[in-house]
Amino acid sequence: MEETKDVRLALYETIMNLVDAGIHAVDEEGRTMIYNQKMRDIEGMDSREVLYKKLEDVFRFRSSEESTLLKALKTGEESHLVKQTYFNNKGREITSVNHTYPFYYKGKLAGAVEIAEDITKIERLIRRNHEPHTGYTFHHIIGKSKAISEVIEFSRRAARTSSYVLIIGETGTGKELFAQSIHYESERSRGPFIAQNCAALPDNLIESILFGTKKGAFTGAVDRAGLFEQADGGTLLLDEINALNIHLQAKLLRVLQEKKVKRIGGTQEKPVDVRVIATMNETPYEAIANHRLRKDLYYRLGVVTLFIPPLRDRLEDLPLLTGHFIQKYNPLFQMNVRGITPEVLTFFRSYRWPGNIRELEHMIEAAMNVMLDEDMIELRHLPMQYRQSGHFNSPAEKSPLLKDRLFEYEKHCILEALEANGSNISKAAEQLGLSRQSLQYRMKRLGI
């Protein structure tokens, strides 16, 4: 008899896991009792994370939505083809269409069961096709160097989750570009993307902007939602987080930990579903040592930490970047500039770029402003402060040795060939009329 019972139980579990629909059942207290394989696949969770636990302790729903399972428990009514969007315990968004039924035993409501069909991917596809945004994506990031390619790859991986992200990089490296790319390639792309520079406003004002205010909290205060409430379901970018007052950082840390926000002057805490991406223009260790960043806030924010390389560490991207900015300003200025001269490229490669890519863009724009009928940017077109800075010799000054000019020109030609052939050495060698071995030797000699 006991063996027959075991066989029936094994058969029941096998059938449940073979069904091509998610099945989730809870008891009268909302604890999960049945959770089949398909449901585990839909929600990306292990049975140990869900079974025998209360539904609201595992899954999260937006304030405007309610679990269809819990609603069936509350009302005792069936529901069919109800679309539901919610989040698992890792913050991943899930969208399903559900049939939900209350379960009665001996005339008493004893639980509820749900049959779900996953439409998460369909929803995401529809969203991307029919809800265009004006923000940046990874396709807008210019560069093929190893340094930038690695950061892009790590950022794409981070876009799959809702973990907090800390982006570190010098001024002008494109930190917000990465932040927007992560948001718009994530499951939160349908939600808002809100950015706030923490250094742009005084402490009392930034606090009310972040957390909101309750009417009467101070003179002139009105009921106003803060950025955390406004960014609910989306992403909040906090730029220059190390400029935020150290006491405000403690309050921010609590919001990040509790995922609840209380307005200034208010008494109630409101749950918020916000992914925070923070940026810094100095290393966390410097900021912590100089008391500009709380160590515990760094550990909370730095779940995923991205270091954006400065332009001087990705000089091989200069031809791509200069070409991109020239093409950007050509239609704006009604010009037809084709590129930069080898002398300008030589200067660009020797310059330290304290302002990084932003400085390069401004330099290209300034040069095109003084051009007339020329189709190539020359040294004389660059802004005066660079021509007088001693970073390069002007034509009127001592000319570089011929061997140095040949060295730079050879390097320029090889880099252009590699860029034109997608870094394929064999194809670049063929274009240059060299053997693969000869090109590899020259690349090694030139430091490419």
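The structure holds zero disulfides, and two of its cysteines sit in unlike settings: C198 counts as buried because its relative accessibility is 3%, under 20%, whereas C413 is partly exposed, with a relative accessible area of 23%. This is a predicted model, and the protein chain in it has 20 helices and 14 strands. Of the 448 residues of that chain, 44% count as buried.

**The chain overall**

- The accessible surface of the protein chain comes to about 24600 Å², and carbon and sulfur atoms account for 51% of that surface.
- When contacts between residues at least 6 apart in sequence are taken together, 63% of them join residues at least 24 apart.

**The largest pocket**

- The largest pocket has a volume of about 710 Å³, and of the 28 residues that line this pocket, the closest to its centre are G172, T173, G174, L177 and R358.
- Four elements each supply at least two residues of the lining of the largest pocket, namely α8 (175–184), β8 (235–239), α14 (318–333) and α16 (356–370).
- Helix α8 gives the most to this lining, with five residues.
- By class, the lining of the largest pocket divides into 10 nonpolar, 10 polar and eight charged residues.

**Enclosed cavities**

- Rolling a probe the size of a water molecule over the atoms shows where empty space is left.
- The model has three cavities of 30 Å³ or more, and about 70 Å³ of space lies in the largest cavity.
- The residues that line the largest cavity are H24, M39, E43, L55, F59, F61, S67, L69, Q84, Y86 and E114, and the elements that give two or more residues to this lining are α2 (37–43) and β3 (79–87).
- Sorted by class, the lining of the largest cavity has six nonpolar, three polar and two charged residues.

**Helix α9 and its cover**

- Helix α9 spans residues 203–211, and its buried residues are I206, S208, L210 and F211.
- An α-helix has 3.6 residues a turn, so residues three or four places apart point the same way.
- The cover over the buried residues of α9 includes strands and helices alike, among them β7 (193–197), α10 (227–230), β8, α11 (246–258) and β9 (260–262).
- After α9 comes G212, whose phi is positive, near 90 degrees.

**Two loop residues with positive phi**

- Y52, found in the loop between α3 (47–50) and α4 (55–58), has a phi near 65 degrees, which is a positive value in a residue other than glycine.
- Y52 counts as exposed because its relative accessibility is 56%, over the 50% cut-off.
- H291, which lies in the loop between α12 (284–289) and α13 (295–301), has a phi near 60 degrees, again a positive value in a residue other than glycine.
- H291 has a relative accessible area of 67%, over 50%, and is therefore exposed.

**Two buried residues around strand β6**

- Y164 has its place in the loop between α7 (146–158) and β6 (165–168), and with a relative accessible area of 7%, under 20%, Y164 is therefore buried.
- Leaving aside neighbours within four places in sequence, Y164 is in contact with L256, K259, V274, R275, V276, R300, L301, V303 and V304.
- One of these partners, V274, is 110 residues from Y164 in sequence, while the two are 9.3 Å apart in space, C-alpha to C-alpha.
- I168 has its place in strand β6 itself, and I168 is buried because its relative accessible area is 5%, under 20%.
- Not counting residues up to four places away in sequence, I168 touches K175, M280, E282, T283, P284, T305, L306, F307 and I308.
- The C-alpha atoms of I168 and M280 are separated by 4.9 Å, although these residues are 112 residues apart along the chain.

Conventions
Residues numbered from 1 in each chain as written. Predicted model: local features only at pLDDT ≥ 70, side-chain atom pairs only at ≥ 80, totals over all residues. Heavy atoms only, no water. Buried < 20%, exposed > 50% of the residue type's maximum accessible area, 1.4 Å probe, protein only. Contact = heavy atoms within 4.5 Å. Areas by Shrake-Rupley, 256 points an atom, 1.4 Å probe, with all protein chains shown as cover. Disulfide = S-S within 2.5 Å. 1 Å grid on protein atoms, 1.4 Å probe; cavity = no way out; pocket = protein on both sides within 12 Å on 5 of 7 lines; lining within 4 Å. Points joined across faces, edges and corners; volume = space filled by probe spheres on them. Nonpolar A, V, L, I, M, F, W, Y, C, P; charged D, E, K, R; others polar.
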